[in-house]
Amino acid sequence: MGNGTRWGSATRLLEDEGREVVVDASARGELELEVHTASWSLWTDEHAGQVFGAGLGLVRYALRTRVEGTIVVDGGPPGSGEARYAVDATAPMLRLDYRRRLAPAWRLGVEWAWVRKPRGSLSGDATEAAVGIEWLPHPHVGLALRYAVADLDLRYEREAGTATLEIRYHVPQLLAAWRW
């Protein structure tokens, strides 16, 4: 789904027991979040080129973080450290779908999906809504171009504390479409 890297550095003049000390520090953090989904929807009978669906699925989250830093005090030898964490979780998904046939090979669609994982070291909820168009040159296989809006709120609990990750995104997507 996405990666992010942030880095920063600072030089500060601090006072330690009446003595001025120059501290140089730098830090870099990386975050990688992967989201994989699989779902199945049960569709109503087609009426006037329209169908509605409701479905179930699974979502797998994989979260990896890495933080490294270096500090130098008064020009002395540098001190450095690094920490890495990785966690993954699977959660059930509920979804609602709507499709309207525009032409024999073209479909307009609207989708909404919701995920909630209330327990475990990685917990939280996510909602995604999308609108798109599908081209199915074969009755069961084609391409979908859609625009998705998502809201993810995840909590990662460890003995050292709890981290909260809030992600909001709006993104165009090109996907393979498979209709059964």
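**A strand-lined pocket and a nonpolar core**

Strand β8 makes the biggest contribution to the lining of the second largest pocket, putting in 5 residues. The model here is a predicted one, and the pocket comes out at a volume of about 270 Å³. Of its 13 lining residues, T65, Y85, Y156, A163 and T164 sit closest to the centre. Besides β8, the elements giving two or more residues to this lining are β3 and β7. As for chemistry, the lining splits into 8 nonpolar residues, 4 polar ones and 1 charged one.

Then there is the nonpolar core. The largest one holds 18 residues, and the members touching the most other members are L33, Y61, L63, V115, L122, L152 and L154. At least two core residues apiece come from β3 (50-73), β4 (79-103), β5 (106-117), β6 (122-135), β7 (141-158) and β8 (161-178). So what does L122 touch, leaving aside residues up to four places away in sequence? Its contacts are Y61, L63, V87, A89, K117, L154, R155 and Y156. Among these, Y61, L63 and L154 are, like L122 itself, on the list of core residues that touch the most other members. Y156, another L122 contact, turns up again among the residues closest to the centre of the second largest pocket.

How far can the model be trusted, going by its own scores? The protein chain averages a pLDDT of 88, and 98% of the residues score at least 70. Confidence peaks in β5, at a mean of 94, and bottoms out in strand β1 (residues 2-16), at 79. Strand β5 is also one of the suppliers of at least two residues to the largest nonpolar core.

Note on methods: Residues are numbered from 1 along each chain as its sequence is written. This is a predicted model: local features need pLDDT of at least 70, side-chain atom pairs count only at pLDDT 80 or more; totals for chains, interfaces and linings use all residues. Side-chain values use heavy atoms; hydrogens and water are left out. A nonpolar core is a set of buried Ala, Val, Leu, Ile, Met, Phe, Trp, Tyr and Cys residues joined through side-chain atoms within 4.5 Å. Buried means under 20% relative accessible area, exposed over 50%, partly exposed in between (1.4 Å probe, protein chains only). Helices (H or I, at least four residues) and strands (E, at least two) are DSSP runs, numbered from the N terminus. Contact means heavy atoms within 4.5 Å. On a 1 Å grid over the protein atoms alone, a cavity is a set of points where a 1.4 Å probe fits but cannot get out, and a pocket is an open set with protein on both sides within 12 Å along at least five of seven lines; lining residues have an atom within 4 Å of a point. Grid points are joined across faces, edges and corners, and a volume is the space filled by probe spheres set on the points. Ala, Val, Leu, Ile, Met, Phe, Trp, Tyr, Cys and Pro count as nonpolar, Asp, Glu, Lys and Arg as charged, and the others, Gly among them, as polar. pLDDT is the predictor's confidence in each residue, from 0 to 100.
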